[in-house]
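Trainee: Could we look at a structure together? I would like to learn how its labels are earned.

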Amino acid sequence: MRKVEIDVKEQDYLDFLSVCIEEKISVEEKLKNIIRYHLITYRNRRKAENSKLFSYAKDCN
C-alpha cells in the first residue's frame with residue numbers, strides 16, 4: 001500500500017467533505033471510489049482499442 005498526500009485548498013476540501021457527508025462515506029472511501037472508477041474507465045478504453053485493432057487485423061486476412 002502506498003500513502004499519497006496532496007495539497008488541496010481549504011474551500012475545495014470543505015466542498016469535497018460536504019459531498020462525502022451527503023453520500024455518508026468517508027473522504028478516503030470517496031477518493032478510493034474515484035480512483036477505481038478512473039481505472040475501470042481507463043482499462044475498458046484500452047480493451048476497446050485493442051479489440052478494434054484485433055478486429056481490423058482479422059478483416060485484413
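Mentor: Let's go through some labels one by one, keeping in mind that this is a predicted model.

Trainee: Why is lysine 30 called buried?

Mentor: Its relative accessible area is 17%. Buried means under 20%, so lysine 30 earns the label.

Trainee: What makes lysine 30 and glutamate 23 a salt bridge?

Mentor: Their side chains come to 3.0 Å, N to O. The cut-off is within 4 Å, so the pair qualifies. In general, side chains of opposite charge can pair when their charged atoms come close.

Trainee: And why does glutamate 23 count as partly exposed?

Mentor: Glutamate 23 has 40% relative accessibility. Partly exposed lies between under 20% and over 50%, so that label fits glutamate 23.

Trainee: How do you know that lysine 3 and glutamate 5 meet in a salt bridge?

Mentor: The N to O distance is 3.9 Å, and the limit is within 4 Å, so this pair counts too.

Trainee: Are those two buried or exposed?

Mentor: Lysine 3 is at 71% and glutamate 5 is at 67%. Exposed means over 50%, therefore both residues are exposed.

Trainee: What makes valine 8 suitable for a nonpolar surface patch?

Mentor: Valine 8 has a relative accessible area of 44%, and patch residues need over 30%, so valine 8 passes that test. Its patch also holds Val4, Ile6, Tyr13 and Leu14, with about 490 Å² of accessible area together. Along the chain, valine 8 sits in the segment before helix 1 (10–23).

Conventions:
Residues numbered from 1 in each chain as written. Predicted model: local features only at pLDDT ≥ 70, side-chain atom pairs only at ≥ 80, totals over all residues. Heavy atoms only, no water. Patch = residues over 30% accessible without salt bridge, like charges linked within 9 Å, V, L, I, M, F, W, Y side chains within 5 Å. Areas by Shrake-Rupley, 256 points an atom, 1.4 Å probe, with all protein chains shown as cover. Helix = DSSP H or I, 4+ residues; strand = E, 2+ residues; numbered from the N terminus. Buried < 20%, exposed > 50% of the residue type's maximum accessible area, 1.4 Å probe, protein only.
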